[in-house]
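The following exercises introduce a protein chain through its sheet, its helices and its core. Each task is followed by a solution in steps.

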Amino acid sequence: LEIDERPIAAASLGQAHRARRKSDGLELVVKIQYPGVADAIDSDVKTIVRLLWLSKMVPRELSMDPVIAEVRDMLRREVDYEHEARATQTFADRLAGDPRFAVPTVLPEYSGPGVLTMTYEQGEPLRSQRVLSLPHAQRSRLGQSFIWLFLNEFFDWKMVQTDPHFGNYRVRFHDDGPPQLVLLDFGAIRDFDNDVLGPGREMIRASFYHDTDRLIRALNALDFLARNAPRKLLEEFSELCFEAVEVLQDPDRYPPPASVLNENGEYCWGKSNLPNRIMNRAGRNALSVHFDVPPKEFIFLARKLLGAYTFLHVIESEVRGNTILEPFIHMQEEDDIALVDQKTISP
């Protein structure tokens with residue numbers, strides 16, 4: 001390989017370089033881990049915890065073990081280039097032939113525990129003027145593709161890209177077709193089991209159908225709530241969840257604010273302040289003594305959903321979300337209901 005020594009991207013754990021394979025000119029990216037980073041994770045995490053205690057930002061009686069374990073696991077995944085290579089190849093295989101997406105191809109002969117080599121995938125940043133100046137129909141198509149991908153990860157694949165950072169996406173332009181969404185950096189891919197995804201999917205279904213009792217059962221299955229929580233609080237939290245999925249609702253059954261719908265019944269993300277509304281209501285509900293800290297896996301999923309909302313807002317997509325959700329909503333539904341019943345019905 002011919003490798004450009006100047007990095008095209010750098011972060012705290014490694015950096016990426018453009019490269020070219022001499023035999024055929026194939027353009028590549030070589031991602032190189034900083035020496036010693038993986039070995040330093042345990043000691044660095046312990047140092048951070050000691051600093052938090054010394055600064056009195058965290059009370060000593062609060063157990064930091066779950067937080068420490070999660071931070072350590074997250075960092076280990078970020079430096080596990082072999083896992084990232086497998087995840088990248090899995091997404092490449094699943095999206096092969098789909099013209100909406102482009103995924104790098106991993107070259108295993110140039111990869112290893114501390115080096116990951118992939119094809120270079122050309123594209124423009126999401127916030128670039130060229131992307132933001134795309135015709136409305138093409139920006140909406142990109143938004144539809146993003147939602148479809150998230151729902152596939154959540155309902156079908158059980159593998160979720162939990163880092164919705166805009167640097168992980170590009171838009172590729174074509175002279176003879178619509179632009180593609182380029183997917184980059186699969187180090188934050190997480191495999192989830194049905195113990196989390198089942199109740200999570202039930203939360204989406206219950207919110208989609210505005211079914212308060214069904215939603216409460218799903219929340220209890222995730223240990224979100226104390227079992228003696230007042231009904232009024234549960235109904236208020238349910239309203240928050242119903243509002244949170246307004247972009248995925250059938251606007252004829254559950255219309256959102258008229259200001260965010262166009263003449264075709266499509267949700268106009270550029271005009272929506274939904275993330276702010278959700279955060280404000282969630283903040284008020286989170287103060288209740290009846291709420292518990294949700295499972296860490298659910299926090300990752302919520303972060304991805306908020307990232308999807310931000311993506312659509314920035315590119316000002318106009319999407320009728322229910323037409324994207326409806327093909328997914330009944331996937332594994334009977335199994336999910338049975339799992340929620342098992343977790344919530346006392347023996």
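**Exercise 1. Determine how strand 7 and strand 8 pair, and place them in their sheet**.

Solution. In this predicted model, strand 8 covers residues 177-183 and pairs with strand 7 in the antiparallel sense, over 5 bridges. Within this pairing, Arg-170 stands opposite Val-182 of strand 8. The next step is the sheet itself: it is open, has 3 strands in the order 4-8-7, and its pairing is mixed. Strand 4 (101-102) and strand 7 (169-174) stand at the edges; each has a single partner strand, so one side of each has no neighbour in the sheet.

**Exercise 2. Identify the helix that packs on this sheet, and describe it**.

Solution. The helix is helix 5, which touches strand 4, strand 7 and strand 8. Its direction makes about 40 degrees with that of strand 8. As to length, helix 5 has 22 residues and reaches 30 Å from its first C-alpha to its last, close to the 32 Å expected at 1.5 Å a residue. After helix 5 comes Lys-158, with a positive phi near 60 degrees.

**Exercise 3. Describe the largest nonpolar core and state which helix gives the most to it**.

Solution. The largest nonpolar core has 53 residues. Among those with the most contacts inside it are Phe-91, Leu-151, Leu-183 and Leu-325. Helix 5 (residues 136-157) gives the most to this core, namely 9 residues. Leu-325 may then be examined: leaving aside neighbours within four places in sequence, Leu-325 is in contact with Leu-151, Phe-155, Ile-204, Phe-208 and Leu-248. Apart from the largest core lies another, of 11 residues, including Leu-222 and Phe-237. As a general background, nonpolar side chains in soluble globular proteins tend to be buried together.

**Exercise 4. Is Glu-236 buried, partly exposed or exposed, and where is it placed?**

Solution. First, the place of Glu-236 is in helix 8, which spans residues 231-244. Second, Glu-236 has a relative accessible area of 34%. Because buried means under 20% and exposed over 50%, Glu-236 is partly exposed. Third, the side chain of Glu-236 is joined to that of Lys-232 by a polar contact of 2.5 Å. Finally, Glu-236 and Arg-281 are 45 residues apart in sequence, and 9.2 Å apart in space from C-alpha to C-alpha.

**Exercise 5. State how many helices and strands the chain has, and what share of its residues is buried**.

Solution. The chain has 12 helices and 11 strands. Of its 347 residues, 49% are buried.

Technical notes. Residues numbered from 1 in each chain as written. Predicted model: local features only at pLDDT ≥ 70, side-chain atom pairs only at ≥ 80, totals over all residues. Heavy atoms only, no water. Core = buried A, V, L, I, M, F, W, Y, C linked by side-chain atoms within 4.5 Å. Buried < 20%, exposed > 50% of the residue type's maximum accessible area, 1.4 Å probe, protein only. Helix = DSSP H or I, 4+ residues; strand = E, 2+ residues; numbered from the N terminus. Contact = heavy atoms within 4.5 Å. Polar contact = N/O pair within 3.5 Å; in protein donor to acceptor, adjacent residues only side chain to side chain. Pairing = 2+ DSSP bridges. Axes fitted to C-alpha atoms, helices over the stretch in contact; angles between N-to-C directions. Expected span 1.5 Å × (residues − 1).
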